[in-house]
Amino acid sequence: MTIEHQLPDIDWDDDGQADFLPATNLNKPDYDPVDVSSKAFWSQLLEDQDRSFAILRRERPVSWQRPVEDAVTPDPDDPGFWALTRLEDIQRVSRDNETFISGQGVLFDMLPPIFLEMSQSFLAMDDPEHAKLRRLVSSAFTPRQVRRMEDKIREITTQCVDDIVGRGKIDFPAEFSSRFPLRVHCAIWGVPDHLAEETGAAARDVVAWADPDLLAGRDPQEVQVEACARLHDIAAEMISERRQNRRDDLMQALMDAEIDGEQLDEAQIGAFFVLMSVAGTDTTQHTTTFAVMGLTEFPEQKKWLLEDFDNRIDGAVEEFIRFGTPVMTFRRTAVRETEIAGQRIMPGDKVVFLYASGNRDDTLIDRPWELDLSRDPNPHCGFGGGGVHYCLGSQLAKMMLRHALKELLFRIPEFQISNPRFMGTNFMRAVTHLDFEFTPERKET
């Protein structure tokens, strides 16, 4: 039986956010011997991580874990967190936004509060503020804007394949899968050409805390905050320019968005621009890379897809997202007492979704380690586990993947891959290098 009990130190402010003392180790079990907090654990390949996830899914699906190792902003009072490994529990908690809130932070790592404020937008808000801001942002995605975005995506993916098709060998992440989402992002937002490269560099630095190679010895807090500030400055420059000269792009649409007489202010637009500069580029990049890797490992799936691409690609994209799982973790914070899989969860307890485990949960997903582009149903948590925080950009991401894969696979249907290098972090599952070889396309004379 679930007991709903709020601690006396919870204070709900006017925006519906909860402010309370952190959880303690009182009445908590010992830290689980299967440790998913260490840097060593997250430096492994997913295949190795899943050996541990499988034990937890089977024996202790909700386990008490020590605080994340080497947090960016360590909290000496942090007692640890509950790790959710089963897809069923990830979905349940994701959809219960009254018991589990986002306003206390959504990232697994402990990051500077100023960074979260500048970069998370409604991702780290709770209703009613979350619902209001999400409605305003959503209203900018009109059918006309979506059609314009699709035209841009189609044009840019063609150009990006044009850039590589005559070469025969490329570093796939560096020279294709990272380029087309950034170019799409800049095009649909209307980022000026002279700021496009800087936008990409700042977006990469926003998540540099999770990539030791990209961080290159720099202080992660300084890098994050400076990158966020630069993206806010770019957004402010674009807003200022549009106040003088209107443009037909997403930035203008967000400036014009209005519901019940309310509009987005400059800080809100800037935070959403930061969020989309990362979420709208990194996840698509990595999913595209994992897609070509999966099609190489399971060549019969590539053949099946190409036989009827237009009618099969929508379901295939869902499977590419599940198979790749580029976002590996997110978290919530409990605000009332409840129970998950026999474990007592108290107000203030952090609960972490291990998406990489949920998407390999063989109790709900048959043959989870196989790429099956005809998989139906496909209850993956690649865009979160559902609920009010389901990824707002999911349809845009799917659109980008459809067009990129169509252009790529029809113009380069035969290719070989080798020498993958993986980024070992607790947030993003990524391939930083992949040799991609093919027969160059001959130019017509």
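**Two sheets, a helix pair and a pocket**

In this predicted model, five strands form an open sheet of mixed pairing, in the order E3-E4-E12-E9-E5. Strands here are DSSP runs of type E with at least two residues, and helices are runs of H or I with at least four, both numbered from the N terminus; two strands pair if DSSP finds at least two bridges between them. Residues are numbered from 1 along each chain as its sequence is written, local features need pLDDT of at least 70, and side-chain atom pairs count only at pLDDT 80 or more. Totals for chains, interfaces and linings use all residues, while side-chain values use heavy atoms, leaving out hydrogens and water.

Strand E3 (62–65) and strand E5 (100–101) are the edges of this sheet, each with a single partner strand, so one side of each has no neighbour in the sheet. E3 and strand E4 (residues 81–84) run antiparallel and are joined by four bridges, with Val-62 opposite Leu-84 in E4. Helix H3 (residues 87–94) lies across E3, E4, E5 and strand E12 (350–354), at about 130° to E12. Such angles run from 0 to 180 degrees between N-to-C directions, with axes fitted as lines to C-alpha atoms, for helices over the stretch in contact.

A further open sheet has three strands, ordered E6-E14-E13, with antiparallel pairing. Its edge strands are E6 (169–171) and E13 (416–423), each pairing on one side only, and the twist averages 10° from one strand to the next. Six bridges link E13 to strand E14 (residues 430–437), and Met-423 stands opposite Ala-430 in E14. Helix H14 (residues 282–297) packs on this sheet, touching E13 and E14 (contact means heavy atoms within 4.5 Å), and its direction makes about 50° with that of E14.

Next comes a pair of helices. Helix H9 (residues 193–206) and helix H13 (residues 266–279) pack at about 85°, with axes 9 Å apart. H9 is therefore roughly perpendicular to H13, a label given to angles of 65 to 115 degrees. Thr-199, Ala-203 and Val-206 of H9 meet Phe-273, Val-274, Ser-277 and Val-278 of H13. This contact has five nonpolar, two polar and no charged residues; Ala, Val, Leu, Ile, Met, Phe, Trp, Tyr, Cys and Pro count as nonpolar, Asp, Glu, Lys and Arg as charged, and the others, Gly among them, as polar.

Finally, 21 residues line the second largest pocket, with Ser-178, Arg-204, Leu-214, Asp-282 and Gln-285 nearest its centre. A pocket is an open set of points on a 1 Å grid over the protein atoms alone, where a 1.4 Å probe fits, with protein on both sides within 12 Å along at least five of seven lines; lining residues have an atom within 4 Å of a point. The lining divides into nine nonpolar, seven polar and five charged residues.

Conventions:
Parallel < 35°, antiparallel > 145°, perpendicular 65-115°, else oblique.
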